[in-house]
Amino acid sequence: MANERNANLDLIKSVACIGVVGLHAVSMNNYTIYYLCDCGVPLFFMVNGYLLLSREQVGYRYAFHKIASIFKVVLSWNFLIAIPVLIFRQKMINPFRLAYDSLLQKGYLWHFWFFGALIIIYLFLPIFHRLFFQKSHVQRNMCLMLMGVCLCIDILSMIKGYPLGMFIPQPLRLWTWVFYFLLGGLFAAQKQKIQQLSLRAHGILLLLFTLISNINEKKIGLYLIHSRLAEYFYDNLFSIVWYCLLFTFLMRLPLKESYGIWVGRFSSLTMGIFIIHPILLFGLNALFAPAGTIAAVCFWMGLTLVSVFISYVISKIPIARELIRL
């Protein structure tokens, strides 16, 4: 079945998770590493699309169950955050307001904007699923249309000299997130065609576009849109090609069974790592701010390992594990 445990999807989730942690930990200490890590967010959306749009049935009951699971996690963490804020800052805050703000990339749990975007996508999930299954040509046309919107916004940003996305909160840049979500579903439907390209040629193309995309983001950010933030390159053509090549390469990479087991174990902790690492980052940055490439990479590795450990401990506690499971 399409939704059985897939070691390659676990690998993609793991790479995406490590990339997101690197994006926040390394930041602009090294732009080469920083832009290599920006694949994390598109990969997460593509994995979600691959899994959900390849299901045999997706109704509104299932979609609302997914949304309820997200709200449960978001509200729980914001209630927990409200406690130390009250104790150490003597400030009473409404956790429901905190939750709302976090879904719009504000407040202490700003990284929950990802959940905000997913909630909106899940509201339309049954429609996307029905269109994909009943009219196979629709999936390709919808992806092409949304990619066109992405490219138009990217080109206009370069013409204007600033990123147009800066005026729209990140969770509401739905042309981008729906595009990557639907793209994941398209790759699930086109697995056989993707296999026609030799793995070696696929790897060479991936390396080539990794280099091109990295250089492209540096130059465009510095000279054309005058912003170095990775979030403004998700609509760029070279970035899109790179994300697609990376996703499909990892999707078809042969994995030994022993590797698949370890990747699966790490993958099961990715949601916890995603939730926890910015909280740790906030505390650690108050004590230590890495400067330079070596310090930033070591900080990235340390932050990842500590996040893995905490996520593992939480996953072993029956009640607490609900905090990191959707």
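A salt bridge here is a side-chain nitrogen of Lys or Arg within 4 Å of a carboxyl oxygen of Asp or Glu. Keep that in mind for the first stop. The model is predicted, so local features need pLDDT of at least 70 and side-chain atom pairs count only at pLDDT 80 or more, while totals for chains, interfaces and linings use all residues. Residues are numbered from 1 along each chain as its sequence is written, and side-chain values use heavy atoms, with hydrogens and water left out.

**Stop 1: Asp 154**

Select Asp 154, which sits in helix H8 (residues 136-160); helices are DSSP runs of H or I, at least four residues, numbered from the N terminus. Which side chain of opposite charge is nearest to Asp 154? That is Arg 173, 11 Å away, and the buried Asp 154 has no salt bridge. Buried means under 20% relative accessible area, exposed over 50%, and partly exposed in between, with a 1.4 Å probe and protein chains only. For charge, Lys and Arg count as positive and Asp and Glu as negative; His and the chain ends are not counted. Show the contacts next (heavy atoms within 4.5 Å): leaving out residues up to four places away in sequence, Asp 154 touches Tyr 232, Asp 235, Asn 236 and Leu 237.

**Stop 2: the cavity**

Now display the cavity. On a 1 Å grid over the protein atoms alone, a cavity is a set of points where a 1.4 Å probe fits but cannot get out, and a pocket is an open set with protein on both sides within 12 Å along at least five of seven lines; lining residues have an atom within 4 Å of a point. Grid points are joined across faces, edges and corners, and a volume is the space filled by probe spheres set on the points. The whole structure has one cavity of 30 Å³ or more. The largest cavity holds about 130 Å³, and of its 16 lining residues the closest to the centre are Ile 153, Gly 165, Glu 231, Tyr 232 and Asp 235. H8 and helix H9 (174-189) each supply at least two residues of this lining.

**Stop 3: Glu 231 and Arg 173**

Stay with Glu 231 and add Arg 173: their side chains meet in a salt bridge at 2.9 Å, N to O. Glu 231 lies in the loop between H11 and H12 and Arg 173 in the loop between H8 and H9, so the pair ties together parts that are 58 residues apart in sequence. Arg 173 is buried at 6% relative accessible area, whereas Glu 231 is partly exposed at 22%.

**Stop 4: Ser 227**

Select Ser 227, in the loop between helix H11 (199-224) and helix H12 (237-252). Ser 227 is buried, at 13%. Beyond residues up to four places away in sequence, Ser 227 touches Pro 163, Gly 221, Tyr 232 and Phe 233.

**Stop 5: the largest pocket and Leu 269**

Next, show the largest pocket, with a volume of about 1,000 Å³. Of its 34 lining residues, the closest to the centre are Arg 5, Lys 13, Ser 267, Ser 268 and Thr 270. H3 gives the most to this lining, five residues. Then pick Leu 269, in the loop between helix H13 (257-267) and helix H14 (270-285). Leu 269 is buried at 8%. Outside its neighbours within four places in sequence, Leu 269 contacts Val 308, Ser 311, Tyr 312 and Ser 315.

**Stop 6: Arg 325**

Finish at Arg 325, whose salt bridge with Glu 322 has its closest N and O atoms 2.3 Å apart. Salt bridges that share partners join Lys 72, Glu 322 and Arg 325 into one network.
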